[in-house]
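Student: I should like to request a close look at a single part of this model. Please describe the surroundings of one charged side chain, and then set its pairing beside the other charged pairs of the chain.

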Amino acid sequence: MGKRRAGRELLRSLSKKQKKHLREFGEEHPFYDNCYCCSLHFCFLFQSEDSDKSSAESDSETEVEQVSGYHKLLATLKTSPESESEEDESESEEAEESEAEMDSEGSQETGEAEGGEEDKNDVPEEEEGTTDTAEQMLSQEQPDGTDTSCDPRHGVIEEFTDVKHESEFSLETNFMEEESGDCNADKRDSNPFKQHMDKELEDKEIEKMSTLPKTSSQSQWPRLGQLIFSSTLEKHKTLKADKEVDVKQLHLHKPLESTWPKVNKQFLSSADKAIDSPFTPLQRELFCIMNSYRDLFYPERKALTNGEEIRHAYCLHALNHVLKANAQVLSNNAKRRDRKPGTDTDDHRDQGLTRPKVLMIVPFRECALRIVHIFISLLEVNDKKKIDVSNKKRFKGEFGSDPEEKPPNLKRPEDYEAVFAGNIDDHFRIGLAILQKSMRLYAPFYSSDIIIASPLGIRTVIGAEGEKKRDFDFLSSIEILIIDQADIYLMQNWEHVLHLMKHINLLPLDSHGVDFSRVRMPNLNNWSKYYRQTLLFSALQDPQINSVFNKHCFNYSGQVAVRNVPRTGSISHVVVQLPHVFRRLEAESVTSVIDARFQFFIDKVLPEYRDAIMSHTLIYIPSYFDYVRLRNHFKKEDLNFTHICEYTKKAAVCRARRFFLKGEKQFLLFTERFHFYKRYTIKGIRNLIFYELPTYSHFYSEICNMLKATDNGVDATWTCTVLYSKYDAQKLAAVVGIDRTAQMLQSKKNVHLFVTGEN
């Protein structure tokens, strides 16, 4: 009784926020807990996704820390659920009602790296009468041998990594099975994998790539369109698109030759099947570039149309690379085992400084789930030969989604439904080890072949300069980097992507037990980045994405970028009769355009809208920093306005929409990221101001078409003003088309271009 009484007294001493955080996360908030990172062994978490412990550190021993009052309280609540006070029950009901209200409104939050609020997934409560202690839950296992210490029903102790199958998936202690792989891979001189990885660069070539600019050439392909080939070394032969592809000529690993046509048949048209092609026209040309080990930037990936066939193509390439690399290691293991004593072993350099070879960056857990399913399908030759996948049940539980969680009345555009399908948690990472006929999920990073992670998930492992617990050695020998849906990271936090690019292919700080006699010489010379292939997929062309491809990709084989220009633009999809006025501002440089745009707006544009006649004015602002700057200026000038951004609470959003619709507020500041994550229809708009051109061109027509939700009879007063500069050429072309863009950029004066949606 004393234990229960102490627990109730401690609970009453907590603030409401502390109680809520305790119930949701099973621990004191990190802001109040000084030993948060050290006490995970004693805290019961009620969800399984958001542990910040690196999978690379999970094998190390954890020191036993003193149990805090929070953990004692939690243990009391765990062993005696019936002893909760009425006050606790009322608060729990209040929290449940709040989340139910959020779900009914159809709000779907994603993890915002800059501090935005997240919607936490509901987790099933434990059954009545449960009296498991921490030690019992740690040791409890399912009948099939699966550890349940991270199961949502039992609480998370730390980020789970599979340490049971270490020896089974070790490259050092296994040997090639004759019937399972390509034992003669090292003898096939035409193998693209061998040609790329075994080439030894000279010092003068490295110096040339580091100092000289790239030379480029253009080529027109039937499906991809205009391609730009660039390289610093000798001018490579221009790659030509293959009209027909024989799977046997692609040098795929043995199992993939038979499984790929079956897995990919869902995307094949009747014309493809007629010529017995295993690829769609798009896949054929993309894989032709991938298989040549050149860097690739494809900015036309659409989640609604070609997203899945592109995902299948790069999964085939990544898996083929891993299987070939592992087959080479296992084959050399057998040769070393059978070699005579005293034989020189320098010929068997087949590894990097660390094991991970492929890093796949994707935005949501649903993407990781689909990738793993593709891998499994590609490895299963037939229904009788199922591969052994460890921790598959856990993976489905943590990366899958419940269809019933989605509100039934949520109506959003089709592209929104395609992007935000399934589990949209954006903080995750998982290691995969693949060896012959088995796959190991949740492998520690240093025992993984493939790492799948979100930018935020990989960022929390890398850490920042000065942090004690940070690790990026596992990125030292990445041979293929795949960044899929890069445009979404612009809406999350692009700094995470830049942080990753700064820490990839660096020399590791520790040896991590590597056999240096097996390490390739380029890795020892710190030349790994010149051998890394980068595959970058995006739905749009953006200067920040282009910068990553141009400045952080050093592949000696060269780069290929798809550079098609839009002919019409999204303005053609505007259905309302609306005059569009494009006003040009002048700026001396890219860095000064931010201040120039702000000054141009407050001096030239805003005075025209101060009159009461120009009410119901929505100002669309892509950058959050510009939004804050304008909001502060509007407050300083005491203007009648309201504002909505991605961090605005739901109640405040409802109030702002109501005030704007009724005309109680003249201006509405509206951020692009809010529109990206919510896609609400804002009613009552009569005047539109695009402070900057939208990142997504189709957002322009979506916002303009919101005017049709306004009352009839006032369409003659509708206006749309767009601010642009010469540095917005790509965005401008996506909105108005390349022909109009050329005309607008040629004029050095402010250009007023009046067009309607039908033009």
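Tutor: Arg679 has a relative accessible area of 8% and is therefore buried, since buried means under 20%. The model is a predicted one, and the values that follow are computed from it.

Arg679 lies in the loop between α23 (672–678) and β16. Apart from neighbours within four places in sequence, Arg679 is in contact with Arg412, Pro413, Asp415 and Tyr416, and also with Phe674, His698, Phe699 and Glu702. Among these, Asp415 offers a polar contact from side chain to side chain, at 2.7 Å. The pair Arg679 and Asp415 also meets in a salt bridge, at 2.7 Å from N to O. This bridge links distant parts of the chain, for Asp415 sits in helix α14 (residues 414–419), 264 residues apart from Arg679 in its loop. Asp415, with a relative accessible area of 22%, is partly exposed, whereas Arg679, at 8%, counts as buried.

In general, side chains of opposite charge can pair when their charged atoms come close.

A search of the whole structure finds 24 salt bridges. One of the other pairs joins the side chains of Asp449 and Arg355, at 2.9 Å from N to O. Here too, distant parts of the chain are linked: Asp449 belongs to the loop between β7 (438–441) and β8 (450–453), Arg355 to the loop between α11 (307–338) and β4 (358–361), and they are 94 residues apart. Asp449 is buried, with a relative accessible area of 0%, and Arg355 is buried at 13%.

Another pair is Asp595 and Arg629, whose closest N and O atoms are 2.8 Å apart in a salt bridge. Asp595 is in helix α20 and Arg629 in helix α21, 34 residues apart. Asp595 is partly exposed, at 45% relative accessible area, and Arg629 counts as partly exposed at 30%.

Helix α20 (residues 593–605) also has a buried side, made up of Val593, Ala596, Arg597, Phe598, Phe600, Phe601, Ile602 and Val605. The buried residues of α20 pack against β12 (580–584), β13 (617–621), α21 (624–636), β16 (687–690) and β17 (719–724). Helix α21 is thus met by the buried residues of α20 and by the salt bridge of Asp595 with Arg629. Strand β16, which borders the loop of Arg679, is another of the elements against which α20 packs.

Finally, salt bridges also occur as a network, in which Arg301, Glu308, Arg311, Glu366, Arg370 and Asp484 are linked.

Notes: Residues numbered from 1 in each chain as written. Predicted model: local features only at pLDDT ≥ 70, side-chain atom pairs only at ≥ 80, totals over all residues. Heavy atoms only, no water. Buried < 20%, exposed > 50% of the residue type's maximum accessible area, 1.4 Å probe, protein only. Helix = DSSP H or I, 4+ residues; strand = E, 2+ residues; numbered from the N terminus. Contact = heavy atoms within 4.5 Å. Polar contact = N/O pair within 3.5 Å; in protein donor to acceptor, adjacent residues only side chain to side chain. Salt bridge = Lys/Arg side-chain N within 4 Å of Asp/Glu carboxyl O.
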